[in-house]
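Me: I am new to this structure. Please take a close look at the place where the ligand sits, and then show me what lies around it.

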Amino acid sequence: MTDPLFGRIAFIGIGLIGSSLARAVAEQKLAAEIVIFDASADARAAAAELKLGHVVDSAAAAVAGSDLVILATPIGAYADLGPVIAPHLKKGAILTDVGSVKQAVIRDLGPHVPEGVHFIPGHPIAGTEHSGPRAGFAELFKGRWAIITPVTGTDPAATAKLQQLWSAVGSMVEVMEPGHHDQVLAITSHLPHLIAYTIVDTATQLETSTQSEVIKFSASGFRDFTRIAASDPTMWRDIFLNNREAVLEILGRFTEDLTALQRAIRWGEGDKLFDTFTRTRAVRRGIIDAKQA
Ligand code: NAP
């Protein structure tokens, strides 16, 4: 029998993403031991009941002696977690995370990481609109991308080991510069969520009689936005606050394009509308071909 990839893996935060990864790590036998801490007593109780790993009552206790530490809390918690876990990180350990923004994570955690610990931020491009340990499942990462964003000077052997973990749970891995990650995600994930939140919120402000029809006839398009707009409010608040520049930049471009379409509708410029909708249809085909539909 071969040794597992890691001795002890610590999960700080055992919600949708943490619990999915813990399940996949256990299924693939990638750790000799899994240790879990979550700030929520309910999440800790659920993790124990689901037998996701050995649940401890502090982040420090989870981190101590761990070869890989995975932060899977909302990113707004990192600034406080950094100084709490730093003194307990084992020399030679890898510290990673699954947060949806990368530059802010490096800003908040980087200064706390002790010499001899490999800090390699990461982000699986996989998820659902559900939260908590009961919502997780081992297959979440299969066929999905995992982006890792090593900082300058990172030990290539440690990066390779983290890549191995993501590959073993079924992901394709891409190594990316953190700032580039934040720009790409601003358009592929953050802007679409902001638009969905806006559309659904606009509908909730209509008069009551129209609101009930919005629900009744939602299959005409609205329904698809409600799934995205049901995503976790804490997580998404933290994403917008921490990827501010990239989101504002892409939002500016989006607003210009929206205004151009508004103008085309006002002036009856059918060709302009048709050309735009033809270009966007081809994008869907590309996503299907890339098996990311
Ligand atoms: P989740 O299901 O809400 O789980 C997060 C857990 O972390 C909660 O149990 C939360 O407890 C706990 N927590 C909060 N602060 C903590 C602290 N200081 N120490 C320990 N635990 C703490 O969230 P998730 O969807 O798994 O998201 C986790 C991370 O993954 C986020 O950073 C997000 O950006 C990233 N991500 C999410 C998705 C997605 O689709 N959901 C996809 C890719 C990446 P409380 O509930 O009591 O706060």
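Reply: What follows starts at the ligand and then moves outward through the protein.

A word first on the source: this is a predicted model.

**The shell around the ligand**

Start with the ligand itself. It is surrounded by 27 residues. The closest are Ile 17, Asp 38, Thr 73, Ser 100 and Gly 132. By type, the shell has 15 nonpolar residues, 11 polar ones and 1 charged one.

Now look at the oxygen atoms of the ligand. One oxygen atom is 2.8 Å from a backbone N or O atom of Ile 17. A polar backbone atom of Gly 132 also lies 2.8 Å from an oxygen atom of the ligand. For Thr 128, the distance from a polar backbone atom to a ligand oxygen is 3.4 Å. How much of the ligand does the protein cover? On its own, the ligand has 900 Å² of accessible area, and the protein covers 80% of that.

Which elements give two or more residues to this shell? They are helix H1, residues 16–27, and strand S7, residues 122–124. Take one residue from each of these elements.

**Ser 19, in helix H1**

Ser 19 lies in helix H1. Is Ser 19 buried or exposed? Its relative accessible area is 0%, so Ser 19 is buried. Its side chain reaches back to the backbone oxygen of Gly 15, at 2.8 Å. Farther along the sequence, Ser 19 touches Leu 52, Gly 132, Pro 133 and Gly 136, among others. Gly 132 is a name you have met: it is one of the closest residues to the ligand. Ile 14 is also touched by Ser 19.

**His 123, in strand S7**

His 123 sits in strand S7. It has 7% relative accessibility and therefore counts as buried. Its contacts beyond four places in sequence include Asp 97, Val 98, Gly 99, Ser 100 and Lys 102. Others among them are Trp 145, Ala 146, Ile 147 and Leu 185. Follow Ser 100 for a moment. Ser 100 and His 123 are 23 residues apart in sequence. In space, their C-alpha atoms are 5.9 Å apart. Ser 100 is also one of the residues closest to the ligand.

His 123 has a polar partner too. Its side chain makes a polar contact with the side chain of His 181, at 2.8 Å.

**Two domains**

His 181 brings us to the domain assignment. It gives domain 1 as residues 6–177 and domain 2 as residues 180–289. The centres of the two domains, taken over C-alpha atoms, are 30 Å apart. Where they meet, 18 residues of domain 1 are in contact with 15 residues of domain 2.

Helix H10 covers residues 233–242. Its buried residues are Trp 236, Asp 238, Ile 239, Phe 240 and Asn 242. What do they pack against? They pack against helix H5 (103–109), helix H7 (178–204) and helix H11 (244–266). The N-terminal end of H10 is capped by Asp 232. A side-chain oxygen of Asp 232 lies 3.3 Å from the backbone nitrogen of Thr 234.

**Two loops and an exposed residue**

Back to lower numbers. Val 56 is in the loop between strand S3 (54–55) and helix H3 (59–63). At 14% relative accessibility, Val 56 is under the 20% limit, so it counts as buried. Apart from neighbours within four places in sequence, Val 56 is in contact with Val 35, Ile 36, Phe 37, Arg 44, Ala 61 and Ala 62. Phe 37 and Val 56 are 19 residues apart in sequence, with 5.5 Å between their C-alpha atoms.

The next loop, between H3 and strand S4 (68–71), holds Ser 66. Ser 66 counts as buried because its relative accessibility is 0%. Its side chain makes a polar contact with the side chain of Arg 8, at 3.0 Å. Ser 66 also touches Ile 9, Ala 10, Lys 90 and Ala 93.

Asp 80 gives the contrast. It is found in helix H4, residues 78–85. At 60% relative accessibility, Asp 80 is over the 50% limit, so it counts as exposed. Asp 80 is 56 residues from Ala 24 in sequence. In space, 28 Å separate their C-alpha atoms.

Conventions. Residues numbered from 1 in each chain as written. Predicted model: local features only at pLDDT ≥ 70, side-chain atom pairs only at ≥ 80, totals over all residues. Heavy atoms only, no water. Near = heavy atom within 4 Å. Polar contact = N/O pair within 3.5 Å; in protein donor to acceptor, adjacent residues only side chain to side chain. Areas by Shrake-Rupley, 256 points an atom, 1.4 Å probe, with all protein chains shown as cover. Helix = DSSP H or I, 4+ residues; strand = E, 2+ residues; numbered from the N terminus. Nonpolar A, V, L, I, M, F, W, Y, C, P; charged D, E, K, R; others polar. Buried < 20%, exposed > 50% of the residue type's maximum accessible area, 1.4 Å probe, protein only. Domains from an automatic or database assignment. Contact = heavy atoms within 4.5 Å.
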